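Visitor: I have a few questions about the words used for this structure. Could you take me through them one by one?

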Amino acid sequence: MSRRDAPADRNGHAVPTDLATEQRYVARLYERLDTLRVETVALRDRYIRDSDNTPGGRVERDIAYARHAASLVALTAAEDRLCFGRLDFTDGDRAYIGRMGIFDDRGDHQQLLMDWRAPSARPFYVATAAAPLGVQRRRHLRTRRRVVESLADEYLDVSDLDQADLARVTAADPTSDGPLLAALNAPRTGRMGDIVETIQAEQDRIIRADHRGVMVVQGGPGTGKTVVALHRAAYLLYTHREQLMHRGVLVVGPNETFLRYISQVLPSLGENAVVLTTPGELFPGVRATALDDPAVAAIKGRTSMAAVLANAVLDRQRMPREPITVPFGGAPGGALTADRALLERAQQRAWHSRLPHNQARRLFLRSVLDQLLRQLVERLEQGRVRAGGESGDRLVFTQDDRDSLRRELATDPAVAAALSRVWPALSPQQVLSELYASPRRLRFAAPDFTDRQRALLERPVAEHLSDTVWTVSDVPLLDEAAELLGDVPDAARGQQDRERAERTAYAQEVLDLMDTSPDGEGEGLAGMLGIVSAADLAERQEELVSLTSTAERAGSDREWTFGHVIVDEAQELSSMAWRVLMRRNPLRSMTLVGDLAQTSDPAGAASWQKVLRPYVRDRWHLEPLTVNYRTPEEIMAVAARVLSRIDPRLQAPTSVRATGVRPWRRAVTDPAGLVPAVVRAVTDEAEQLGERQLAVLVPDDLVGPVRRALATALPAATTAPGTDLPPQVSVLSVRQAKGLEFDVVVVVEPGRMVQASQRGWNDLYVAVTRATQQLGVVHTGRVLAELAELEPR
Ligand SMILES: Nc1ncnc2c1ncn2[C@@H]1O[C@H](COP(=O)(O)OP(=O)(O)OP(=O)(O)O)[C@@H](O)[C@H]1O
C-alpha cells in the first residue's frame, strides 16, 4: 500500500486542482444538506399548524413532530466533517463516504454520499493492498467548516496506473503522519470524539459484527474498546433501525464523569435512541454514587445475595404464632380471630400462586377474608340472633348477605390495619433498609454468612426511607428485591414514582401508536392524551420529544427490556449487577467491553467465562483488540512491567506510535513535602501545557489535599471553563479516572496505590495507561522496582 498525505506532484506538493474538485463536490453536499434541513423544519412546523385539534389529530401531530425533530438532530449532527472519504474503484466507480447518506433530488436520485455504516462503505475501512476489494485508491478528506483543507491518498492497487500517476503516487511525504496518527497526536479536549474517519480493520470487524448473541471485546488499555463499542451502537441503530429504535440500546459506563466524557460520541453520529447510564442508576428512582467499603461491596456483589433477599422477603411472609384479633363491629363481641391455622392456609394459597410478594398478597388477603367471613357467618348463626327477629330462630344467610358482609369486612379500616402487618405491601427500599437495620432479620435471611459478614451488612435505618443513601452496590439488590416483590401498590409508592409511572404510560402509548397506526387513529387514547391541550402544545413539544424518547421511557421503567446492551468496563460489574443487566436484555444481545487486568472493584470479574456461564453457558464469543492507540511506546514499556506483576502471562497491547519522550519520576524525601512537590511538578508541566489536558492521579485520601493545593497554585487551570468541559488540570482517584485519558498524567504515590487494595496493581496499571503523551510519577520512599527505569528528575 502506498500513502500520500496530500494530492502531490513529483515534489510532494499538493495539486490544487484535486483540492478544488473536492471542494466543489463537498459544497454540493452541504447545499443538499441545507435543503434537507429546511424541508424537515417546514414539515415539522406544518404538523403543528395544520393538525386538527381532535385527540386523534393531536396524537398524529405529536408523533410527526417527534420524528421530524429526530431527523433534524441527525441532519445537524452531520454538519461537522460531513464527508471524509472517497473510494475510487478499479472499474471506474467512485463513492464518497460520510456521516449520512445523501441522495440527489434531481434526475435519477443518484447517491451523492454514502453513510459510513452502509455495507458498500466497508472497503474504506478494511481494504488493504493485499485484499483491495476492488478499490484502487482510498482518499481521506480533511474538512473544517465546510472547507476541504487537505487530502491524503492511499493506493491499494497500482497495476492500472500510468507512468505519471505512478510517479505521483510514489512521491509520498515520508514525514507524513497519515490521518490515524494525526488524530492520535491531536490534543485531548476532555471529551471523546468519534473515529469514523479512521476506524481500523480489527475495530471495523467488531463494529459490524452480527448483533445477536453475546460478544466480549477484551483488550488492553487504549485499544479503543470504548470508542468501538459506541460506534457499534451507531452501526446497530442504522442497520436494525426499526427493531432497535423502539426498544433502544442501553450503554452502561462506570460513572457519571465517564458518561460525560463519552456523551458527545453518539450525538455526533446522529444517534439518540441510546440510554447512557451507570450501574448506580439501573434501578429507576435511585441515583447511587456512594461507594461501600471494599469488604462490604464484595459481599453485596455476591450471587448468594439473591438467596438472602429471597429469604428477607420470605421473612415478611412469616405468620405470627399468636392469634390476631381483628376488630370488626359487625361481629359478636366486636372482633374476629385469625389464628395461625387460618393464616397458614392463606399463606399456602398465596405461595401456591408463585406470584411475587405484592401480587401474592392480594390472594393471601382474599383467603383470610374468605375465612373470616366464614367465621363471622358461623358465629352469627351460632348466636342465633336475627336482626329484628325472635331469638332461637336459626339465621339463614343468602349469597347477597354474604357478599355484602364480605364487602364490609374488606373495606373496614380496622380490619385492614389488623392484617396489614401479616403480609405487608412492601417496596424494595423498605425490604433492604429494614434488612440492614435488623440483626435478627439478617440472621434469618443469611444463615450461611459468618457473623462478621452479617455485621458488615448492618446499617441503621434512616429516619425517613426517602433519606436513605443508597450505594452503587445496593442498586442490584434493590432491583433483585423489586423482582421478588412485583409491582409496588400505589399506596406504597412515592409521589414521584407515581408521576413517573403516569408519564411513562403516556409516552409508551404514543409510541405504540407510532408503531402500529400510521394514520394516527387513537380514539382509545383520547382521554389520556387530552392532558396535552392544544393551547400549550407549542411549548410542550420539546418536552414531548423527550417523553417519547427511549431514554425517558426506559429510564423510568424497571421492566423495560432493551434491544441491545453495551457494557463498558464490564470487568467491574458484580455478579448481582450482571443479574440486573440480564433481566434488562432477555434476548441476550450484548456487547461487553473490558479488560480483566484493569479490574479494581472487589466484586468485579476475574473470568468472562464465570460471569457469562450462568446466563448463556458457552454461547458467547471473544473478540480481542491488540493495538494500543492511546499510550505511546515509552509509557507502555512501563505499563508492561506493571502488568507482569498482575499476571506474568499477560501481554500488554502494542502501541501504534512513539513520542520519543521518556516518562519521568521525582522522589520526595520528606513525606510532609509530598503535596508541595506535586504542586511544583504539576506547575512545571502546566507551563508547557498549551491547549492540552493534565490529570493528577492520586490515592483516594490525597484527592482533597492535592485538589486544594493545586486550586491555590493554579486557580485558572483547575477551574472548569464554565462549559460542560472539565478543567485543564484535574485531580482524580484512579477509580474516577477509569476509562478516561489525558495528554499528560502525573501519578502520585504509586506504592500506596498498590497497597491500598487486593487489586492495587490493577489500579496502578490503569493509572499509568491514561496518558496520550507524557507520564510522570511523584513518590516518597523507595521507588517501586517496576518504575525504577523512569528518568529521575
Ligand atoms: N481507529 C481510531 N482512530 C482514531 N482514534 C482512535 C482509534 N481507535 C482508538 N482511538 C483513540 O484511542 C483512545 C483510546 O480509546 P478508548 O478509550 O476507546 O480505549 P479503551 O480500550 O476503552 O481504553 P481503556 O481500557 O483504557 O479505557 C481514544 O482517544 C480513541 O479515540
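**Helix pairs and a ligand**

Guide: Start with two helices in this predicted model. The axes of helix H14 (residues 357-383) and helix H15 (residues 399-411) come within 10 Å, and they cross at roughly 120°.

Visitor: Why is H14 called oblique to H15?

Guide: Look at the angle, roughly 120°. Roughly perpendicular runs from 65 to 115 degrees, and roughly antiparallel means over 145. The angle fits neither range, so H14 is oblique to H15.

Visitor: What is the handedness of the crossing of H14 and H15?

Guide: H14 passes H15 in a right-handed crossing.

Visitor: What angle do H12 and H20 make?

Guide: Helix H12 (residues 304-315) packs against helix H20 (residues 474-485) at about 45°. Their axes are 10 Å apart.

Visitor: What makes H12 oblique to H20?

Guide: Roughly parallel needs an angle under 35 degrees, and roughly perpendicular starts at 65. About 45° falls between those limits, so H12 is oblique to H20. The crossing of H12 and H20 is right-handed.

Visitor: Why give both an angle and a distance?

Guide: Two packed helices are described by the angle between their axes and the distance between the axes.

Visitor: Now the ligand. How many residues surround the ligand?

Guide: The ligand is surrounded by 24 residues. The closest are Thr198, Lys225, Arg630, Glu741 and Arg770. The shell divides into eight nonpolar, 10 polar and six charged residues.

Visitor: How do you know that Thr198 makes a polar contact with the ligand?

Guide: Check the distance. A nitrogen atom of the ligand is 2.7 Å from an N or O atom in the Thr198 side chain. The cut-off is within 3.5 Å, so the pair counts as a polar contact.

Visitor: Which polar backbone atoms pair with an oxygen atom of the ligand?

Guide: One belongs to Gly222, at 2.9 Å. Another belongs to Thr223, at 3.1 Å.

Visitor: How much of the ligand does the protein cover?

Guide: On its own, the ligand has 630 Å² of accessible area, and the protein covers 97% of that.

Visitor: Which elements give two or more residues to the shell?

Guide: They are helix H5 (178-185) and helix H7 (225-239). H7 gives the largest share, three residues.

Note on methods. Residues are numbered from 1 along each chain as its sequence is written. This is a predicted model: local features need pLDDT of at least 70, side-chain atom pairs count only at pLDDT 80 or more; totals for chains, interfaces and linings use all residues. Side-chain values use heavy atoms; hydrogens and water are left out. A residue is near a molecule or strand if one of its heavy atoms lies within 4 Å of it. A polar contact is a pair of N or O atoms within 3.5 Å; within protein, one must be able to donate a hydrogen and the other to accept it, and residues adjacent in sequence count only if both atoms are side-chain atoms. Accessible areas come from the Shrake-Rupley method with a 1.4 Å probe; for residues, only the protein chains shown count as cover. Helices (H or I, at least four residues) and strands (E, at least two) are DSSP runs, numbered from the N terminus. Ala, Val, Leu, Ile, Met, Phe, Trp, Tyr, Cys and Pro count as nonpolar, Asp, Glu, Lys and Arg as charged, and the others, Gly among them, as polar. Axes are lines fitted to C-alpha atoms, for helices over the stretch in contact, and angles run from 0 to 180 degrees between N-to-C directions. A crossing is left-handed if the near helix is turned anticlockwise from the far one by less than a right angle, and right-handed if clockwise.
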